[in-house]
Amino acid sequence: MLAEQTDSSALREGLSLNGNMSEFGPEVWSDDSGQNQYRVFVLGWDLSQEAVELEM
């Protein structure tokens, strides 16, 4: 999954997020507790490690 965060909520490394994750475009994902939400823009999924590294 390659997504860009579009809000200013703090993310920590290793955080697991839940959401639709099946369409391109804006989505809201939440953490495992369901208490924190993060706005993201999905750019792609099912990408190789090399493709993700090229985008970063």
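Q: What does the accessible surface of the protein chain come to, and what share belongs to carbon and sulfur atoms?
A: About 4300 Å² is accessible, and carbon and sulfur atoms account for 44% of that. Keep in mind that this is a predicted model.

Q: And how much of the chain is buried?
A: Of the 56 residues in the protein chain, 20% are buried.

Q: What box do the C-alpha atoms fill?
A: Roughly 35 × 25 × 20 Å, taken along the principal axes.

Q: OK, secondary structure. How many helices and strands?
A: The protein chain has one helix and four strands. Read from the N terminus, the order is β-β-β-β-α.

Q: In what order do the strands sit in the sheet?
A: The order is E1-E4-E3-E2, in an open sheet with antiparallel pairing.

Q: Which strands stand at the edges, then?
A: Strand E1, residues 2-5, and strand E2, residues 17-18. Each has a single partner strand, so one side of each lacks a neighbour in the sheet.

Q: What holds paired strands together, in general?
A: Backbone hydrogen bonds, whether the strands run parallel or antiparallel.

Q: Back to E1. Over how many bridges does it pair with E4?
A: Four bridges, in the antiparallel sense, with E4 covering residues 37-44. One residue to look at is Gln 5, whose bridge partner in E4 is Val 40.

Q: Where is Met 1 relative to E1?
A: Met 1 lies in the segment before E1.

Q: Is Met 1 buried, exposed or partly exposed?
A: Partly exposed, because its relative accessible area is 40%, which falls between the 20% limit for buried and the 50% limit for exposed.

Q: Which residues make up the nonpolar surface patch with Met 1?
A: Phe 24 and Trp 45 join Met 1 in that patch. Together the three have about 320 Å² of accessible area.

Q: Switching to Ser 30. Where is that one?
A: Ser 30 is in strand E3, which spans residues 25-31.

Q: Why does Ser 30 count as buried?
A: Because its relative accessibility is 18%, and buried means under 20%.

Q: What does Ser 30 touch, leaving out residues up to four places away in sequence?
A: Ser 16, Leu 17, Asn 18, Asn 36 and Gln 37. Of these, Leu 17 and Asn 18 carry the residue numbers of strand E2, and Gln 37 is where E4 begins.

Q: Last one, on contacts across the chain. Of those between residues at least 6 apart in sequence, what share joins residues at least 24 apart?
A: The share is 39%.

How values were computed:
Residues numbered from 1 in each chain as written. Predicted model: local features only at pLDDT ≥ 70, side-chain atom pairs only at ≥ 80, totals over all residues. Heavy atoms only, no water. Helix = DSSP H or I, 4+ residues; strand = E, 2+ residues; numbered from the N terminus. Buried < 20%, exposed > 50% of the residue type's maximum accessible area, 1.4 Å probe, protein only. Contact = heavy atoms within 4.5 Å. Areas by Shrake-Rupley, 256 points an atom, 1.4 Å probe, with all protein chains shown as cover. Pairing = 2+ DSSP bridges. Patch = residues over 30% accessible without salt bridge, like charges linked within 9 Å, V, L, I, M, F, W, Y side chains within 5 Å. Salt bridge = Lys/Arg side-chain N within 4 Å of Asp/Glu carboxyl O.
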